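The exercises below go through one structure step by step. Each task is followed by a worked solution.

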2 protein chains.
Amino acid sequence: MDDVTAAFDLLSRGAEEILLVEDLLTKLKTGKPLRIKAGFDPTAPDLHLGHTVLLNKMRQFQELGHEVIFLIGDFTGMIGDPSGKNITRPPLTREDVEENAITYRKQIFKVLHPEKTKIMMNSQWMDQLSALDLIKLAATHTVARMLERDDFHKRYSSGQSIAIHEFLYPLMQGYDSVAMHADVELGGTDQKFNLLMGRELQKHVGQSPQVVITMPLLLGLDGVKKMSKSLNNYIGIDESPQEIFGKVMSISDETMWTYFELVSFRPMTEIHRWREEIDQGLNPRDIKFRLAEELVERFHDHTAAKQAHENFVQQFQQGVIPTDLAEAHLKVGEQGLVIANIIKSAGLTASTSEALRMIQQGAVKVDGERVNDKDLVFTKGQEFVLQVGKRRFAKVILN
Amino acid sequence: MDDVTAAFDLLSRGAEEILLVEDLLTKLKTGKPLRIKAGFDPTAPDLHLGHTVLLNKMRQFQELGHEVIFLIGDFTGMIGDPSGKNITRPPLTREDVEENAITYRKQIFKVLHPEKTKIMMNSQWMDQLSALDLIKLAATHTVARMLERDDFHKRYSSGQSIAIHEFLYPLMQGYDSVAMHADVELGGTDQKFNLLMGRELQKHVGQSPQVVITMPLLLGLDGVKKMSKSLNNYIGIDESPQEIFGKVMSISDETMWTYFELVSFRPMTEIHRWREEIDQGLNPRDIKFRLAEELVERFHDHTAAKQAHENFVQQFQQGVIPTDLAEAHLKVGEQGLVIANIIKSAGLTASTSEALRMIQQGAVKVDGERVNDKDLVFTKGQEFVLQVGKRRFAKVILN
């Protein structure tokens, strides 16, 4: 396998679409470092594993020696919602953007090579753009073409309003590619329309059109919906080693393979071999451990990964109580406290009724012993380890 | 009748719509001079009587002491066709615009008071507009609202393309009103949508919204279609006194009344009185003479108007041949020239067959005598006055 084929193989891993494949091959064959663009929102970043699908692809380009640009779309962010209808989206200040860039940096450098990553803000060239320039940009595309974009089409047909400036945003994203002389732009599948704008505008001004690589959206822990904060099916990259490890272990065996393809750095050949091993009888859990460790190591470090693995095995497989328990200091009166109230006050359930349900299901343990009596009372001075379900623990101190 | 009522009466003369009437009354009642805006194309101006409908309305405002601004939309003119599809519409240079402004001046001051007219170019503020400003402007309106505009709606439904920047032009016209703090904007009925943009954008920035006055399009000489160069049913304001006089006299009696309303400065009370006089038996031609004289006087002078009237009467009513005849020097061979060929060669008809038709209709005269013989031949050395129809004359010299 020659260099270009090997590079293409790596870069197309997990990709939904490459437009056009031959353009990418041509660019790779020049042997020159390519300019890789990926755009990110300027609003407060709080990245989860889903976001890293793109970051990983950027990292692969870095490893092949290309120039990777992390572009923060601050220009439009600083506009806010110019229609003034959405008062919950105030314009960002220059300081907000700078601060968000710092938060981004802290998170993205868990995946990207800091010294090989160029962070740019599109206000750098957008602030220079005149109304005249924007008119010329707008003249390159038709209203009908813009209404082909999935979400515009849906909103227009269903009578939902589209403000005219929304038609300008894809053009501006395309213009970023012109200003940056991007060779490749990466984005989610939902960004395809906007990414192609870059291609078209570059052609329009006589630049070689960028290659568009779209990456699929990562499935959430449920294996059904896309990973998102609001669906609470995500792994935050700032979460504790324990949380990340446990969450990875909770995904289905099927979902595990798409995670391997999109968020693991292990070679696909190795991953295929594991799959074969499982077919021959290996427990999928053992392979899932590798993914969990890899991810904890990436977002924390090697020691944390080993420790998280050990904790997990102890806690779930051997029933051993973890050593670094949260402590719940509760005040009790003369009559003492009934078990369900203690569970709720220690924060192990959201409500007393949920606590009662857990007792009924036999899911509550005190110092490792199952509690069956929902009227069990504890009094001042007692200390014990309280466990609810498989993973909720607290050290309870009554005083 | 108080001043405001009298002013309103004059200003609403011939107007198609006033939006809103109460706003106009309120503004008039302040007693302050209002800023009146009317926008004109920056392309080479060659005005005809139809254009003066708007100019007359501007003049009425001037006579009431208001500030009239003749706005040349040079900003977009200097863009040309940014889509690059229409190569026949090259961008205007600053020099082109200046030159066109001079040509405009020469023509409009036949109607407007030079010292009371302010000529402005919208590039004055548009050149300062940033992309950001334009985005904010675009955010004030929706795609659906823009597609309500008649021509956009038709084009979109019939699958004709609309470039996105075309959606920006009405907004920019509206922004002109904001930049100018216009109190009133005048325009043709076909401009209503764009004029209302000004109202909306002014409200958006907290200005008192301009009053929109739309004027109907003047009918052409045919009394059916709107006056236009391309339909050749127009009276150019640079035409000779003879031409203007003759063309006015050619309109129907019915069309005459709309001309009186829209392009005459005679009070409506007077015009209504004339109408009554005709009902009582006066020849409409005598009233049409007054319109013809008024227009010749406006575009030339009093003497020219009187002279044109006299010529017209002589030529058409008394059959007298005009004295300032064009001469046609024609070469003839041994056999001489047949009458139809002479008519065509002298430029009095477009073809020989038309000439033959005119002879057949009894519409051809030689030295005042009707020619009935289509085979009539003239020979070298002969000179005579040739007349075709009522108004086509030539002095023919055969040699």
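**Exercise 1.** In which helix of chain B is Ala7(B) found? Then state whether Ala7(B) is buried or exposed, and what it touches.

Solution. The model is predicted, so local features need pLDDT of at least 70 and side-chain atom pairs count only at pLDDT 80 or more, while totals for chains, interfaces and linings use all residues. Residues are numbered from 1 along each chain as its sequence is written, chains are lettered from A and ligands numbered from 1 in the order in which they are written, and side-chain values use heavy atoms, with hydrogens and water left out.

- Step 1. Ala7(B) belongs to helix α1, residues 3-11 of chain B. Helices (H or I, at least four residues) and strands (E, at least two) are DSSP runs, numbered from the N terminus.
- Step 2. Ala7(B) has 8% relative accessibility and therefore counts as buried. Buried means under 20% relative accessible area, exposed over 50% and partly exposed in between (1.4 Å probe, protein chains only).
- Step 3. Not counting residues up to four places away in sequence, Ala7(B) touches Leu28(B) and Leu64(B). Contact means heavy atoms within 4.5 Å.
- Step 4. Phe61(B) is 54 residues from Ala7(B) along the chain, and their C-alpha atoms are separated by 8.7 Å.

**Exercise 2.** Where is Gln60(B) found, and which side chain does a polar contact join to that of Gln60(B)?

Solution.

- Step 1. Helix α3 of chain B, residues 52-63, holds Gln60(B).
- Step 2. Gln60(B) counts as buried because its relative accessibility is 9%.
- Step 3. The side chains of Gln60(B) and Lys57(B) are joined by a polar contact of 2.8 Å. Such a contact is a pair of N or O atoms within 3.5 Å; within protein, one must be able to donate a hydrogen and the other to accept it, and residues adjacent in sequence count only if both atoms are side-chain atoms.
- Step 4. Leaving aside neighbours within four places in sequence, Gln60(B) is in contact with Leu10(B), Leu11(B) and Arg13(B).

**Exercise 3.** What turn lays chain B on chain A, and how many residues of chain B are in contact with chain A?

Solution.

- Step 1. A turn of 180° with a shift of 0.0 Å along the axis lays chain B on chain A, with an RMSD of 0.6 Å. The two copies are thus related as by a two-fold rotation axis. Copies are superposed by least squares on the C-alpha atoms of residues with pLDDT of at least 70 in both.
- Step 2. In chain B, 30 residues are in contact with 30 residues of chain A.
- Step 3. The chains bury about 2700 Å² between them, 81% of it on carbon and sulfur atoms. Buried area is the accessible area (1.4 Å probe) that two parts lose on being put together, summed over both.
- Step 4. Ile135(B), Val143(B) and Ile164(B) lose the most area to chain A in chain B, together 25% of what that side buries.
- Step 5. The copies meet through the same surface, because 100% of the interface residues of chain B are also interface residues in chain A.

**Exercise 4.** Which residues does a cis peptide bond join in chain A, and where is His181(A) found?

Solution.

- Step 1. The cis bond joins Leu19(A) and Leu20(A), with omega about -10°.
- Step 2. Leu20(A) lies in the loop between β1 (17-19) and α2 (21-29) of chain A.
- Step 3. His181(A) is in the loop between α10 (164-180) and β5 (184-188) of chain A. Although His181(A) is not a glycine, it has a positive phi of about 50°.
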